[in-house]
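Take a look at the structure below. The paragraphs after it walk through it step by step.

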Amino acid sequence: QLIPLFVIIGSGGVGAGLYLMRLAVFNPDVSWDKKNNPEPWNKMSPSDQYKFYSVNVDYSKLKKDRPDF
């Protein structure tokens, strides 16, 4: 009778770990390579969706409103 509990807790832990890995790899605020790309957030275009879920934002229609450095 404890098997469903272990399955649910285990799948929740695996899901949390996968989400943490996704944040560490694809988030532009995290920089793993300081030599080649020290500021990865400057290379993101406004149409790139880096959030996991956005409620009312269509990223394909956003325009660039910041200067290039």
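How much area does the protein expose, and what share do carbon and sulfur atoms supply? The model is a predicted one. In it, the protein exposes about 6,400 Å². Carbon and sulfur atoms supply 63% of that area. Few residues are covered: of the 69 in the protein, 9% count as buried.

Now turn to the fold. The protein has one helix and zero strands. That helix, α1, runs over residues 3-26. Contacts add to the picture. Among those with a separation of 6 or more, 15% come from residues 24 or more positions apart.

Next comes a record. An unreviewed UniProt entry carries the annotation "transmembrane region" for residues 6-25. In the model, this span is 100% helix and 0% strand. The C-alpha atoms at its two ends lie 28 Å apart.

Finally, look at the surface. Which residues form a nonpolar patch there? They are Leu2, Leu5, Phe6 and Ile9. Together they have about 450 Å² of accessible area. One of them, Leu5, lies in helix α1. Is Leu5 buried or partly exposed? Its relative accessible area is 45%, so Leu5 counts as partly exposed. The cut-offs explain the label: buried means under 20%, exposed means over 50%, and partly exposed is in between.

How values were computed:
Residues are numbered from 1 along each chain as its sequence is written. This is a predicted model: local features need pLDDT of at least 70, side-chain atom pairs count only at pLDDT 80 or more; totals for chains, interfaces and linings use all residues. Side-chain values use heavy atoms; hydrogens and water are left out. UniProt positions are given in the numbering used here, feature names are shortened, and annotations may be inferred rather than shown by experiment. Helices (H or I, at least four residues) and strands (E, at least two) are DSSP runs, numbered from the N terminus. Patches are made of residues with over 30% relative accessible area and no salt bridge: like charges are joined within 9 Å, nonpolar side chains (Val, Leu, Ile, Met, Phe, Trp, Tyr) within 5 Å. Accessible areas come from the Shrake-Rupley method with a 1.4 Å probe; for residues, only the protein chains shown count as cover. A salt bridge is a side-chain nitrogen of Lys or Arg within 4 Å of a carboxyl oxygen of Asp or Glu. Buried means under 20% relative accessible area, exposed over 50%, partly exposed in between (1.4 Å probe, protein chains only). Contact means heavy atoms within 4.5 Å.
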